[in-house]
Amino acid sequence: MTNQELQSLKNKFDIIGNDPALNRALEIAVAVAPTDITVLVSGESGVGKENIPRIIHQNSSRRRGKYFAINCGAIPEGTIDSELFGHEKGSFTGANEMRRGYFEEADGGTLFLDEIGELPMASQAKLLRVLQSGEFIRVGSSKVLKTDVRVVAATNVNLLHSVSKGKFRADLYYRLNAVSISMPALRERPADINLLFRKFASDFSAKYGMAKVTLTEDASIMLRKYRWPGNIRQLKNVAETISALESGKIVPGTDKCVIDTDVLARYIPKEEPNLLPAAVQVQDKFESGEREAIIRTILQLKQDVDYLKDVVAKAGLVRGASSPAIAPPQEIDTEWKQPAAVRNDYDEDPEEQEYEEQRAEDLSIKSANMDLIEKVLRKHGGNRKAAAAELGISERTLYRKIKQLN
C-alpha cells in the first residue's frame, strides 16, 4: 500500500498512529481481505484488535453481508452453543421458540470471535467442524445445516500456551491461525502516544464544548514514559477524565487548558509490577527466601553430621573419624555393620536377620563405652528411641544392652 492509501484507510476507520508495526498489521488485513482465509488477531487487551476484522470485512466481497462481533468471554458457558449455532424450541428450559444462531444469521458475511481462548472445549469442537465443512447443528436438533461465513478470531492470551495446558484444541488453533496479525501494545509505539492523547482530548472538547487540553513538553515526556498496561483504552479514559475535570482552568487569552507534570501525575496511576503486561524477566530458580532456607538447612545438616561423627568417634566405633581428611561418605547401617554388607530387611529370612543383628550387637558390645550409653540415656530422660538414634544403633540392640546392665 502507498502512504496515501494507508492514511486513507486510517481516516476511514479512525485509526491514529504511524508506528511501523501498526502499519504492517493494517497492510496484512487489506491483503487478505479479498480471500476467505481465517485470520487470528493477537494483542493485549485495549490495543484496538477490533479494527482488523472491520477492515477485512469492508475490503472483502462480503461487505454487503452481515457483520457480527461476538465476545466469547462474555457469554456464559451454558448458552454459548445456543448463541453461536442456535437452538430448537423446547431444547432446554426457557427455549420457548426456535432461535437462529450467529453462524446462521451471518451466512454470506463475517463473524468476529473475540477472546476465542475463552471458548469451552465442547464448543471448540463444533467451531472446528463449521470452519472445516461449513456444517453445524442447532442445540436440540439432529438436522445438519450449512453456512458460508468468514471467521476472524482474536485473542489477548498465548493460545499456544493454552494448547500445551490442554485448554485449547491444537487442531482448532492451527485452523484459526492461517494468517496471523499481531497488534502492537501502546508502550511499543511511544511516538503515537501524544498523537492519540491529542485526538481523544480534541474529540472530547468538540463533543461537550469544553476547552481543549494540551500538555507541556515535560508532561508529554511523562505521558510517553508511562507503560500504559491498559493500552489505548486506558489512554482514552485518562484523556477524557483530564478534559472533564481540568478544562475549566483556561489560560488567559486562549481557549486551551495547559496541563503540566504536577497535574498529569494525579491522573496517571502508580505502576503496579504485578499488573504490567511486561516481558517476563529471567529470574533465579529460587526466590531469596527459599534460597536462604535451603542454605540454613544445609548448614544444619552439616552440624548434625559433624555431631554424629563426634559421637561415633567417642564410642570408638569408627577409627579415624576425627581425621580432617575428606573421604567419600559411606552408608552406615543402623546396626553398625561393615560398609560392604548390603541390608534388605524385606527379603531376609528370620535366621539371617537374627544373625546380622547378633553380629552387630557383638560389635557394639565390644566397642561401645558403657558410660557413654548411660550418659546418652540420661540426656534423653530414658527415651530409648532417641538414645539409640544418637548412638547410631537400633532400639532393639540398645534394649538388650540395658537388660544386661540391669
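Trp-228 is buried, because its relative accessible area is 0%, and a residue counts as buried when that value is under 20%. In this predicted model, Trp-228 belongs to the loop between α10 (217-225) and α11 (231-246). Its backbone has a feature to look for as you turn the structure: Trp-228 has a positive phi of about 50°, although it is not a glycine. Most residues other than glycine have a negative phi. Asp-14 also has a positive phi, of about 55°, and is not a glycine either. You will find Asp-14 in the loop between α1 (3-12) and α2.

**The chain as a whole**

Let us step back for a moment. The protein chain contains 17 helices and nine strands. Of its 406 residues, 37% are buried. If you take the contacts in the chain with a separation of 6 or more, 69% of them are between residues 24 or more positions apart. The pairs in the table give you some examples of residues apart in sequence, with their distance in space.

| Residue pair | Separation in sequence | C-alpha to C-alpha distance |
|---|---|---|
| Asn-71 and Ile-116 | 45 residues | 7.9 Å |
| Phe-168 and Gln-124 | 44 residues | 7.8 Å |
| Ile-116 and Ala-153 | 37 residues | 6.3 Å |
| Val-30 and Gln-58 | 28 residues | 9.3 Å |

**Around Ile-116**

Ile-116 appears in the table with two partners, Asn-71 and Ala-153, so let us visit Ile-116 next, in the loop between β3 (110-114) and α6 (121-133). Is Ile-116 buried or exposed? With 0% relative accessibility, Ile-116 counts as buried. Leaving aside neighbours within four places in sequence, Ile-116 is in contact with Leu-40, Cys-72, Leu-127, Ala-153, Ala-154, Thr-155, Leu-159, Phe-168 and Leu-176.

One of those partners, Phe-168, lies in the loop between α7 (159-164) and α8 (170-176). Phe-168 counts as buried, because its relative accessibility is 2%. Beyond its neighbours within four places in sequence, the contacts of Phe-168 include Ile-116, Gly-117, Met-121 and Gln-124. Also among them are Leu-159, Ser-162, Val-163, Tyr-173 and Leu-176. Leu-159 and Leu-176 are listed for Ile-116 and for Phe-168.

Asn-71, in strand β2 (residues 67-71), offers a contrast. Asn-71 counts as partly exposed, because its relative accessibility is 29%. When residues up to four places away in sequence are not counted, Asn-71 touches Asp-114 and Glu-115.

**Two helices that cross**

How do helices α2 and α3 meet? The axes of α2 (residues 20-32) and α3 (residues 51-58) come within 8 Å and cross at roughly 35°. The crossing of α2 past α3 is right-handed. On the α2 side, Ala-25, Leu-26, Ala-29, Val-30 and Val-32 take part, and they meet Ile-52, Ile-55 and Ile-56 of α3. Sorted by type, the residues of this contact are eight nonpolar, no polar and no charged.

Val-30, a member of helix α2, is a good residue to click on. Val-30 is partly exposed, because its relative accessible area is 22%. Apart from neighbours within four places in sequence, Val-30 is in contact with Met-1, Leu-9 and Ile-55. Ile-55 is one of the α3 residues in the helix contact described above.

**Rings and a charge**

Finally, have a look at the aromatic side chains. How many aromatic pairs does the structure hold? There are six. In one of them, the rings of Phe-85 and Phe-103 have centres 5.4 Å apart and planes at 10°, so this pair is stacked; planes under 30 degrees apart count as stacked. The pair links distant parts of the chain, with Phe-85 in helix α4 (residues 80-85) and Phe-103 in helix α5 (residues 102-105), 18 residues apart. Phe-85 and Phe-103 are both buried. Ring pairs also bring in Phe-136, linking Phe-85, Phe-103 and Phe-136 into a cluster.

One more ring deserves a look, that of Tyr-102. The charged end of Arg-99 sits over this ring, 5.9 Å from its centre.

Technical notes: Residues numbered from 1 in each chain as written. Predicted model: local features only at pLDDT ≥ 70, side-chain atom pairs only at ≥ 80, totals over all residues. Heavy atoms only, no water. Axes fitted to C-alpha atoms, helices over the stretch in contact; angles between N-to-C directions. Helix = DSSP H or I, 4+ residues; strand = E, 2+ residues; numbered from the N terminus. Left-handed = near helix turned anticlockwise from the far one by under 90°. Contact = heavy atoms within 4.5 Å. Nonpolar A, V, L, I, M, F, W, Y, C, P; charged D, E, K, R; others polar. Phe/Tyr/Trp six-rings, centres within 6.5 Å; stacked < 30°, edge-to-face > 60°. Buried < 20%, exposed > 50% of the residue type's maximum accessible area, 1.4 Å probe, protein only. Lys NZ or Arg CZ within 6 Å of the ring centre and 35° of its normal.
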